[in-house]
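Q: Got a minute to go through a model with me? I'd like to talk about surface charge and then one of the strands.

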Amino acid sequence: MTWEDNYKNWLSFADLDKEMKDNLEEVRDNTDALEDAFYTDLEFGTAGMRGIIGAGTNRMNLYTVRQATEGLARFIEKRGEEAKKHGVVIAYDSRHKSPEFSMEAAKTLGAHGIKTYLFESLRSTPELSFAVRHLGTSAGIMMTASHNPPEYNGFKVYGADGGQFPPAEADELTSYVQEVDNMLELSVLSKEELEKQDLLEIVGDAVDDAYLEKLKTINIDHDLIERNNDLNIVFSPLHGTATMIGTRALENAGFKNVNLVEEQAIADPDFTTVKSPNPEDPAAFELSIKLGKKIGADVLIATDPDADRLGMATRLENGEYQVLTGNQIAALMVDYLLKAYQGQDSLPANGTIIKSIVSSELPSKIAENYGVGTENVLTGFKFIAEKIKGYEENNEKEFLFGFEESYGYLVKPFVRDKDAIQALILIAELAAYYKEQGKTPMHGLDDIFEKYGHFQEKTISITMSGISGAENIKKLMASLREERPESFGGMDVIIEEDYSINTLTTKEGKTANIGLGEADVLKYYLADGSWIAARPSGTEPKIKFYIGAVADSASEAAAKVEKFEESIEELIEED
């Protein structure tokens, strides 16, 4: 079916929602906009879907939300009546249409006799993951587009274990979503019918309290916090969900000097004080730095709108602040966590950290020093959740920490996704640890580099949006496979890993199985211990190149990153 056919179907639908009609009227003379809105269905992948809000099959709107929820309802029905009885819990963040989309999902589930537990107001992604396990539901839905621009929203699905669906279940769910013949004509119940049939229950405080109680277990050294409870913290929720739960969690942990960035403590779907509500972006810390300098803050911490990602900045000796990378934050957290456990004689013999294949190797080196193992998984926190589930079933290993370079961390497995609130508490404790020594986290990072080597990472994101974007990304990945790079920055490639075929190939041509699932990722190991990886984003129209350099000094590591980046740019230009 052409985009024109899809467009005509919507125009001719007698009961089309008024807002959708108005939206189409606004762009009726804009052929490019109409084509982009209707040329395909909004992709539903392993992490759900994410897109621009508006009318069209390639947009986030009440009809695409109904279609996605219909697929989930069919997935649950396949699990039998017991699964239906357990219901689904839904949470949403501060984005445009999040409450409305959440209610549409509840109304769609209700048409299948599936009960919804709907949060009374905005809540974080990690609390949604916790709520699935706490309430014992069959699934969870989170309405969020994470750190995307204001015009986006999204729909994330969680399984009964509180983690995002692993590949097999995700594929099954996607097939049910794609089976929906006409999203415009799906049956839904009204809110009144949901309430009358006891298919809607509003939740809030009780789940908050249970989550906060679990968060109390994050802190390791309570005496340390008591001695340094005046640690001067600046905290910004970046207009999202962490204002209430984050400040309460810090208060419960014993920190008495927490300063909110007031302008960014307001739930604002337009994120008016930042260009991007992304703690990965140093520019998001502009107001935090301003406040930090005014009050002499020890550490600045920010979470993204749905509070699954966290960024931090540490004070320097000259009074300025340095925003750290996700990999650097993970290294600090792993080092402090294992040191604290060891100091309390509670470091398990089978302890393990889990990280994604495109994350820094520095935390692995740190873990090795403490006798702790590291497991690599494909990108996506669902793979970390899957490993945790396996550990609990076979008792062979004990989960100690999980992270991805994209500012996602998990300390305790009562949540099965990235949890910026857990990270918030641990960061505050490690900052208190360094403050007691007359140091800052930056000093701590320098000590780590001195001991383990200078690791420097960089992620290059190249946006290829529009109709041709996805095809161009596919062509670039195909080109890399057809003409394997022999070197980057003058450094020989000694091993190539192609996760699409799960195969490792050495420079000499020997092959071996990688042992992980299949994914569209290429990773190159270089002769000096550095590495390069290429991966199309699963949630955005981007291809990402990851650089991991290791050297004897910071300047040498930075020089390597620059050379590797030049080589990547040459590859892209050639393609």
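A: Sure, we'll take the charged patch and then the strand; keep in mind that this is a predicted model.

Q: Which residues gather in the patch of negative charge on the surface?

A: The patch brings together Glu482, Glu483, Glu562, Glu566, Glu569, Glu570, Glu573 and Glu574.

Q: And which helix gives the most to it?

A: That's helix H20, residues 554-574, with six residues in the negative patch.

Q: Take Glu570, where is that found, and what's its relative accessible area?

A: Glu570 sits in helix H20. Its relative accessible area is 47%, so Glu570 counts as partly exposed.

Q: OK, switching to strand E12. How many of its residues are buried?

A: Six of the six, across residues 351-356, so E12 is largely enclosed by the rest of the structure.

Q: Which way do they point from E12?

A: Gly351, Ile353 and Lys355 go one way, while Thr352, Ile354 and Ser356 go the other, and all are buried. In a regular strand, side chains alternate between the two faces of the sheet.

Q: What does E12 pair with over five bridges, in the parallel sense?

A: Strand E13, residues 373-377, pairs with E12 that way. For one contact there, Ile354 has Glu375 in E13 as its bridge partner. Strand E14, residues 398-404, also runs parallel to E12 and is joined to it by five bridges.

Q: And on the E14 side, what's the bridge partner of Gly351?

A: Gly351 is bridged to Glu398 in E14.

Conventions:
Residues are numbered from 1 along each chain as its sequence is written. This is a predicted model: local features need pLDDT of at least 70, side-chain atom pairs count only at pLDDT 80 or more; totals for chains, interfaces and linings use all residues. Side-chain values use heavy atoms; hydrogens and water are left out. Patches are made of residues with over 30% relative accessible area and no salt bridge: like charges are joined within 9 Å, nonpolar side chains (Val, Leu, Ile, Met, Phe, Trp, Tyr) within 5 Å. Accessible areas come from the Shrake-Rupley method with a 1.4 Å probe; for residues, only the protein chains shown count as cover. A salt bridge is a side-chain nitrogen of Lys or Arg within 4 Å of a carboxyl oxygen of Asp or Glu. Lys and Arg count as positive and Asp and Glu as negative; His and the chain ends are not counted. The place of a charge is taken as NZ of Lys, CZ of Arg, CG of Asp or CD of Glu. Helices (H or I, at least four residues) and strands (E, at least two) are DSSP runs, numbered from the N terminus. Buried means under 20% relative accessible area, exposed over 50%, partly exposed in between (1.4 Å probe, protein chains only). Two strands pair if DSSP finds at least two bridges between them.
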